[in-house]
Amino acid sequence: MSKKVLVSGGAGYIGSHTCVELLNAGYDIIVADNYYNSCPLAVERVKQITGKDFRFYEADMTVRADVQRIFEENADIDAVIQFAAYKACCKNHEIPYTHEGCLMLNAYVHGSVIDQYIPANIQRITGHQCTKL
C-alpha cells in the first residue's frame with residue numbers, strides 16, 4: 001500500500017509540480033486548494049500528465065471546518081505538504097496589506113493544519129521559516 005500525502009495549495013505552480021512528482025514516485029495524493037491564486041486547469045493537467053486520478057477538495061486552509069473535513073474523510077493520510085498561503089493579503093480588508101498581515105494569515109493556515117496532525121497521527125512536520133527581505 002502506498003503512502004498518502006495531502007498537498008495543500010496543490011493547484012498552484014509549485015504544488016502542482018510536486019503533485020506530478022509524488023504521483024510519478026508512486027504516492028497517492030489528496031489535493032486541497034481554494035483557487036485563490038491558481039485554477040482548476042492545473043489540477044486537470046496533473047491528471048493528464050500522470051494519467052492518474054486523485055481526490056481533490058476545493059477548500060480554504062484558513063477555514064478550520066474545511067481542514068477538519070479533509071482529515072475526517074481521509075483518516076489514512078501519512079504526510080502533509082503545506083503550500084497553501086496568501087502571497088498578498090490586499091483583498092482582505094480585516095488585515096491590512098502588510099508583511100505582518102500576510103504572516104498572520106499564513107500562520108493561521110499552518111495552525112489549522114497542525115491542529116489536525118495529532119488526531120490524524122501525523123508523526124513528522126517539516127516546513128520553512130519566512131523572513132522579511
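In this predicted model, serine 8 sits across from glutamine 82 of strand E4. That pairing belongs to a run of 4 bridges between strand E1 (residues 4-8) and E4, and the two strands run parallel. Strand E4 itself spans residues 79-82, and its side chains take turns: Val80 and Gln82 point to one face and are buried, whereas Ala79 and Ile81 point to the other and are not. So Gln82, the partner of serine 8, is on the buried face of E4.

E1 also has a neighbour in strand E2 (residues 28-33), again running parallel, with 5 bridges holding the pair together. Here lysine 4 stands opposite aspartate 28 of E2. Put together, the strands make an open sheet of 4, in the order E3-E2-E1-E4, with parallel pairing. At the edges are strand E3 (55-58) and E4, each of which pairs on one side only. From one strand to the next, the twist averages 15°.

Then there is helix H2, covering residues 40-50, whose buried residues are Ala42, Val43, Val46 and Thr50. Looking down the axis of H2, these buried residues fall within an arc of 100°, so they line one face of the helix. The spacing fits a general rule: an α-helix has 3.6 residues a turn, so residues three or four places apart point the same way. Among the elements covering the buried residues of H2 are helix H1 (13-24) and the edge strand E3. Just after H2 comes glycine 51, which takes a positive phi of about 70°.

Definitions and conventions. Residues numbered from 1 in each chain as written. Predicted model: local features only at pLDDT ≥ 70, side-chain atom pairs only at ≥ 80, totals over all residues. Heavy atoms only, no water. Buried < 20%, exposed > 50% of the residue type's maximum accessible area, 1.4 Å probe, protein only. Pairing = 2+ DSSP bridges. Axes fitted to C-alpha atoms, helices over the stretch in contact; angles between N-to-C directions. Arc of directions from axis to C-beta. Contact = heavy atoms within 4.5 Å.
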